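This report walks through selected local and global features of the model shown below. It begins with one helix and then turns to the relation between the chains and to individual residues.

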Protein chains: 2
Amino acid sequence: MALADAAATASKIASPIWRSKLQASLVSNKNLVYSRYVQLATVKADGRPANRTVVFRGFLGDSDDALTFVTDSRSRKIQEVACNPAAEVAWYFPETREQYRIAGNLTIVDAAAGDSALQAARIRAWSALSDAGRQQFGWPQPGLPRAQQDPTAWSGAAPGPQDPPLDTFCLMVLRPEEVEQVLLLSNERYRYVRQELQESGSTVSWSEESINP
Amino acid sequence: MALADAAATASKIASPIWRSKLQASLVSNKNLVYSRYVQLATVKADGRPANRTVVFRGFLGDSDDALTFVTDSRSRKIQEVACNPAAEVAWYFPETREQYRIAGNLTIVDAAAGDSALQAARIRAWSALSDAGRQQFGWPQPGLPRAQQDPTAWSGAAPGPQDPPLDTFCLMVLRPEEVEQVLLLSNERYRYVRQELQESGSTVSWSEESINP
């Protein structure tokens with residue numbers, strides 16, 4: 001099922017419990033700017049894991065539970081996702097002492113992506129970035145050896161929020177399939193698994209199970 | 001090379017730069033208890049990534065740069081590591097706005113592990129846990145459906161720090177092979193790669209490279 005179809009399906013159903021919980025956690029932890037920083041694990045072509053901190057940029061839509069992030073088309077994770085789209089986010093909320101683990105598949109929305117809804121989401125994410133955030137997409141290629149003397153490389157003016165996104169700018173969409181929440185304060189743990197009920201018209205539902213912490 | 005041999009080799013060399021930096025970061029962020037919480041990525045048997053928050057329990061030794069964590073022998077990561085020992089830690093320090101990525105292989109040190117130095121390290125880690133930390137290793141199997149009514153399962157007395165570790169208690173040792181540090185405040189990024197110089201008697205050294213952020 002294409003991502004746009006999935007979005008249309010998702011719009012028919014109520015918000016899953018894990019999303020309501022996650023939104024409550026974001027509110028409870030909103031005084032810590034880094035409570036929106038999560039760790040995203042993928043698998044490299046050689047079968048070893050990669051893990052890095054990324055900023056949560058919101059859900060794809062009010063009735064679409066995919067999580068969005070942004071990335072540079074020149075970063076290593078683009079190749080990793082092309083080989084293996086599987087990902088798991090680990091998200092720790094310091095204020096409420098909760099952890100969410102969110103597993104699913106990643107879709108990269110680059111400048112050439114044809115899906116108009118996803119391309120529109122990419123442009124919205126670009127406009128919502130800070131000047132410093134937009135500026136980074138004009139920097140030299142991430143991860144390459146740093147040239148000794150090139151101060152101009154890092155100080156170019158940032159494109160404005162209404163300018164078209166630079167070609168290096170990508171939206172990264174994680175469509176959850178399984179979510180686990182651990183509450184350290186109360187020693188509770190819950191597992192949510194996405195289920196498509198084909199017989200009833202591709203309705204999506206989520207199972208909820210209380211499991212041992 | 002066995003882990004104990006590696007430890008002996010490591011003792012011959014100076015502390016690598018990344019370790020000195022990491023120790024400075026721990027000091028600068030010590031007011032945030034969760035600055036010792038890191039996200040550990042592994043790969044599951046089906047080739048998908050797993051990612052969870054674990055607590056850094058210190059280096060294996062003053063002159064041994066392996067990172068230690070603890071885990072339960074019944075947790076899913078034990079099977080994952082048995083199939084694929086590769087791991088990457090993502091470690092974000094909120095106060096100094098730095099990220100370390102630490103990639104290497106994991107070794108699980110369980111109750112039956114024969115290496116006496118590692119078994120001693122396991123017992124030290126057990127003794128250093130809080131009562132609440134030790135108590136968890138006597139809880140019902142993590143991840144299984146939670147029984148409706150069994151209050152006694154969670155409230156048993158914790159073994160003391162001088163008691164022998166419960167059989168479920170494992171030390172988890174990550175021996176780094178590549179480390180990256182990103183400094184968000186100064187837009188610097190460094191890569192460190194472990195190198196064994198066989199011709200000079202298995203001396204270990206670390207390369208350092210400044211790379212584009």
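At the start of helix 4 of chain A, a side-chain oxygen of A:D115 comes to within 3.0 Å of the backbone nitrogen of A:A117, where helices (H or I, at least four residues) and strands (E, at least two) are DSSP runs numbered from the N terminus. The model is a predicted one, in which local features need pLDDT of at least 70 and side-chain atom pairs count only at pLDDT 80 or more, while totals for chains, interfaces and linings use all residues. Residues are numbered from 1 along each chain as its sequence is written, chains are lettered from A and ligands numbered from 1 in the order in which they are written, and side-chain values use heavy atoms, with hydrogens and water left out.

Helix 4 itself, residues 116-128 of chain A, has 13 residues and reaches 18 Å from its first C-alpha to its last, close to the 18 Å expected at 1.5 Å a residue, that expectation being 1.5 Å times one less than the number of residues. Its buried residues are A:L118, A:Q119, A:A121, A:R122, A:A125 and A:W126; seen down the axis of helix 4, they fall within an arc of 155°, measured by the directions from the helix axis to the C-beta atoms, so they line one face of the helix. The face turned away from that buried side carries the exposed residues A:S116, A:R124 and A:A128. Here buried means under 20% relative accessible area, exposed over 50%, and partly exposed in between (1.4 Å probe, protein chains only).Chain B can be laid on chain A with an RMSD of 0.0 Å by a turn of 180° and a shift of 0.0 Å along the axis, the superposition being by least squares on the C-alpha atoms of residues with pLDDT of at least 70 in both copies. That is the relation of a two-fold axis, and in chain B the C-alpha nearest this axis belongs to B:A41, 3.0 Å from it.

Two residues of chain B other than glycine have a positive phi, as tabulated here.

| Residue | Phi | Loop in chain B | Relative accessibility |
|---|---|---|---|
| B:R97 | near 55° | between strand 5 (86-93) and strand 6 (98-109) | 30%, partly exposed |
| B:N187 | near 55° | between strand 7 (169-183) and strand 8 (188-197) | 26%, partly exposed |

Most residues other than glycine have a negative phi.

In chain A, A:E178 has its place in strand 7 (residues 169-183) and is partly exposed, with a relative accessible area of 30%. Leaving aside neighbours within four places in sequence, the residues in contact with A:E178 (heavy atoms within 4.5 Å) include A:R101, A:W206 and, from the other chain, B:R76.

Key
A polar contact is a pair of N or O atoms within 3.5 Å; within protein, one must be able to donate a hydrogen and the other to accept it, and residues adjacent in sequence count only if both atoms are side-chain atoms.
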